[in-house]
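Got your viewer open? Let's walk through this one a selection at a time.

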Amino acid sequence: MTPERWNAVDAYFFSQLHAPDAVMEEVLAAATKGGLPDIHVSPAQGKLLHLLAKLQNARRILEVGTLAGYSSIWMARALPADGKLITLEIDSHHAQVAKENIARAGLGQVIDLRQGAAIKTLPTLLAEGPFDLVFIDADKPSNPDYFRWAIRLGRKGTLIVVDNVVRKGEVINGASEDASVQGVRQLVELIAGEPRVSATALQTVGVKGYDGIILAVVVAES
Ligand SMILES: C[S@@+](CC[C@H](N)C(=O)[O-])C[C@H]1O[C@@H](n2cnc3c(N)ncnc32)[C@H](O)[C@@H]1O
C-alpha cells in the first residue's frame with residue numbers, strides 16, 4: 001500500500017459520493033491565493049464532520065482553529081436555519097480569508113468567527129452553549145486545555161472531535177520532544193482518567209496522508 005494508492009481511493013470515493021461543489025473549490029482556491037497553509041481537513045473528512053453534525057442534530061457547533069473556514073463551512077451546512085457555529089482563530093490574516101470564504105458560502109449569518117487566542121475566547125462562551133459538537137483543530141500542545149473547555153461548554157451527549165492525533169505514529173513515543181506529540185499524549189491521558197467522556201481514536205489514510213482523529217462523547221453532565 002502506497003500514499004498514491006490511498007490518494008486514488010480517496011479521490012474515487014469522494015468523486016462517486018459527492019456532487020461537484022464549486023463553492024468549496026473556490027474556498028480552497030482563495031486559501032491558496034491568500035498564502036494559507038494546506039492544512040485543512042480533506043474533503044472526505046469535511047463530509048464526515050458534516051455527517052457527524054447531522055447525526056448530533058447539532059444546533060450549536062464550536063470549532064477551535066478556523067484557518068480558511070473550510071471545515072467550518074462543511075459543519076455549518078449541516079445546521080438548521082436557526083443554528084450557529086462559533087469558530088476561533090488567532091491569526092488575523094487567516095481570519096480575514098475565512099470571513100471572505102464564509103460570505104462566499106452564504107453563511108455569514110450562521111458562522112461567527114471570533115478572532116484571538118482560543119484559550120482567552122473559550123471562557124467568554126459560557127453563556128452561548130451548550131454546544132452539541134466541538135471540533136478541536138488548532139495548536140496541538142493546547143489540546144488538553146481545549147478538551148477541558150469542550151466538556152465544560154458541552155452537555156451530556158456532546159460530541160468532541162480532535163484532529164491530527166497520530167503525529168505520523170509518534171503518538172506512541174513517550175520520549176518525543178515534539179510539543180504537539182506531547183499535547184496529544186496529555187490529551188489521551190486526560191481522557192483516560194475522565195469518567196465524563198467515552199472515547200475512541202481512528203487512524204486514517206487518504207489525500208492528507210496518515211493521520212487520525214479522537215471521537216469523544218460526553219456521557220455525564222459536566
Ligand atoms: C489545522 S488549521 C485549522 C484547519 C481548519 N479546521 C480546516 O480544517 O479547515 C489550525 C488553525 O488554528 C489556528 N490557531 C493556532 N493556534 C491557535 C490559538 N492559540 N487560538 C486560536 N487559533 C489558533 C491557526 O492559525 C490555524 O489557522
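Helices here are DSSP runs of H or I with at least four residues, strands are E runs of at least two, and both are numbered from the N terminus. With that in hand, select Pro130: this proline lies in the loop that runs from helix H6 (118–121) to strand S4 (133–136). Now add Gly129 and look at the bond between the two. The peptide joining Gly129 to Pro130 is cis, with omega at about 0°. Keep in mind as you go that this is a predicted model.

Next, jump to another loop, the one between strand S5 (159–163) and helix H8 (179–192), and pick out Arg167. What is the sign of phi at Arg167? Phi is positive there, about 50°, even though Arg167 is not a glycine.

Time to zoom out. Show everything as a cartoon and you can count eight helices and seven strands in the protein. The radius of gyration is 17 Å, close to the 17 Å that the globule rule gives for 222 residues, so the protein is as compact as a globular protein of that length. If you draw the principal axes, the C-alpha trace spans about 45 × 45 × 30 Å along them.

Now select the ligand and centre on it. Where does the ligand sit? You'll find it in the largest pocket. Two elements each give two or more residues to the shell around the ligand: helix H4 (70–76) and strand S2 (84–89). Colour those two and keep them on screen.

Expand the selection to the residues around the ligand, and 22 of them light up; Val41, Ser71, Glu89, His94 and Asp137 come nearest. Colour the shell by class and you get 11 nonpolar, six polar and five charged residues.

Which contacts are worth a distance label? Try these three:

- Glu89: a polar atom of the side chain is 2.6 Å from an oxygen atom of the ligand.
- Gly65: here a backbone N or O atom lies 2.9 Å from a ligand nitrogen.
- Ile90: a polar backbone atom is 3.2 Å from a nitrogen atom of the ligand.

Finally, switch on the surface. How much of the ligand does the protein bury? Taken alone, the ligand exposes 600 Å², and the protein buries 89% of that.

Note on methods. Residues are numbered from 1 along each chain as its sequence is written. This is a predicted model: local features need pLDDT of at least 70, side-chain atom pairs count only at pLDDT 80 or more; totals for chains, interfaces and linings use all residues. Side-chain values use heavy atoms; hydrogens and water are left out. A residue is near a molecule or strand if one of its heavy atoms lies within 4 Å of it. A polar contact is a pair of N or O atoms within 3.5 Å; within protein, one must be able to donate a hydrogen and the other to accept it, and residues adjacent in sequence count only if both atoms are side-chain atoms. Accessible areas come from the Shrake-Rupley method with a 1.4 Å probe; for residues, only the protein chains shown count as cover. On a 1 Å grid over the protein atoms alone, a cavity is a set of points where a 1.4 Å probe fits but cannot get out, and a pocket is an open set with protein on both sides within 12 Å along at least five of seven lines; lining residues have an atom within 4 Å of a point. A molecule sits in a cavity or pocket if more than half of its atoms lie within 2 Å of its grid points. Ala, Val, Leu, Ile, Met, Phe, Trp, Tyr, Cys and Pro count as nonpolar, Asp, Glu, Lys and Arg as charged, and the others, Gly among them, as polar. The radius of gyration is taken over C-alpha atoms; the globule rule is 2.2 Å times the number of residues to the power 0.38.
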